[in-house]
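This is a short report for a reader who has not met this structure before. Please look over the sequence and the model first.

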Amino acid sequence: MIATRARATTSSSWATLKQLWQELAAAVAAHPAKPTRRRLNLAPDAPRDKTGRYHLHGIPSERIRSGPIWELGRRLLQYEHPDLVPTAAQLNKFRVSDECQWHRDEGNEGESAIAFFNDFAGGGLELEDGRVLADRKTWHRYDGCNTSHRVLPFPGQRDTFICLLYTSPSPRD
């Protein structure tokens, strides 16, 4: 897990940080994630069409590279972690854990930072090394390309905003 409060030290910066988390939570709740049938790695056991190239039913997982929700997520991540540069985001609104079975990420390289929203019980992101990421409104860093992971069972809807990262070199490098 990343130390998420590293930059917020004054009362005004705490207020800004709280407001940014509230704004991103509201934007995530209001944004309907476009379902995808192409992310076969998320649910390898899910039924597929007759070609085998697509899921029969869409999984609510949308790649985001622009727009208000992207700007809010990018701004919040960089407010807390100026050294992290997100290149894209993934908005997931899973309804059942089977929508995210054991898998490794494809189509992105490097680490990700995930934030959990809304009041679901359970539903943590379980990593193959035994860690479970689940705390709300904080950034958790993990390497989904090289570490298998899945969503644990939960009731209701589980919303997450995941920033795909590029870590800029430090000035000393």
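The report covers the overall fold and then three salt bridges.

## Overall fold

The model is predicted. The protein contains two helices and nine strands, and their order along the sequence is α-β-β-α-β-β-β-β-β-β-β.

Of the 173 residues in the protein, 47% are buried. The exposed surface comes to about 9000 Å², with 51% of it supplied by carbon and sulfur atoms. When contacts between residues at least 6 apart in sequence are considered, 74% join residues at least 24 apart.

## Salt bridges

Side chains of opposite charge can pair when their charged atoms come close. Eight salt bridges are found in the whole structure; three are described here.

Glu62 pairs with Lys34, with 4.0 Å between the closest N and O atoms. Glu62 belongs to strand E2 (residues 59–64), while Lys34 sits in the loop between helix H1 (11–30) and strand E1 (35–36), 28 residues away in sequence. Glu62 is buried at 9% relative accessibility, whereas Lys34 is exposed at 56%.

## Two further pairs

Lys93 and Asp159 form a salt bridge at 4.0 Å, N to O. Because Lys93 lies in strand E3 (residues 84–94) and Asp159 in strand E9 (residues 158–167), this pair ties together parts 66 residues apart in sequence. Lys93 is buried, at 8% relative accessible area, and Asp159 is buried at 3% relative accessibility.

In the salt bridge between Arg141 and Glu111, the closest N and O atoms are 2.7 Å apart. Arg141 is in strand E7 (residues 140–142) and Glu111 in the loop between E3 and strand E4 (112–117), with 30 residues separating the two in sequence. Arg141 is partly exposed at 24% relative accessibility, and Glu111 is partly exposed at 29%.

Technical notes: Residues numbered from 1 in each chain as written. Predicted model: local features only at pLDDT ≥ 70, side-chain atom pairs only at ≥ 80, totals over all residues. Heavy atoms only, no water. Helix = DSSP H or I, 4+ residues; strand = E, 2+ residues; numbered from the N terminus. Buried < 20%, exposed > 50% of the residue type's maximum accessible area, 1.4 Å probe, protein only. Contact = heavy atoms within 4.5 Å. Areas by Shrake-Rupley, 256 points an atom, 1.4 Å probe, with all protein chains shown as cover. Salt bridge = Lys/Arg side-chain N within 4 Å of Asp/Glu carboxyl O.
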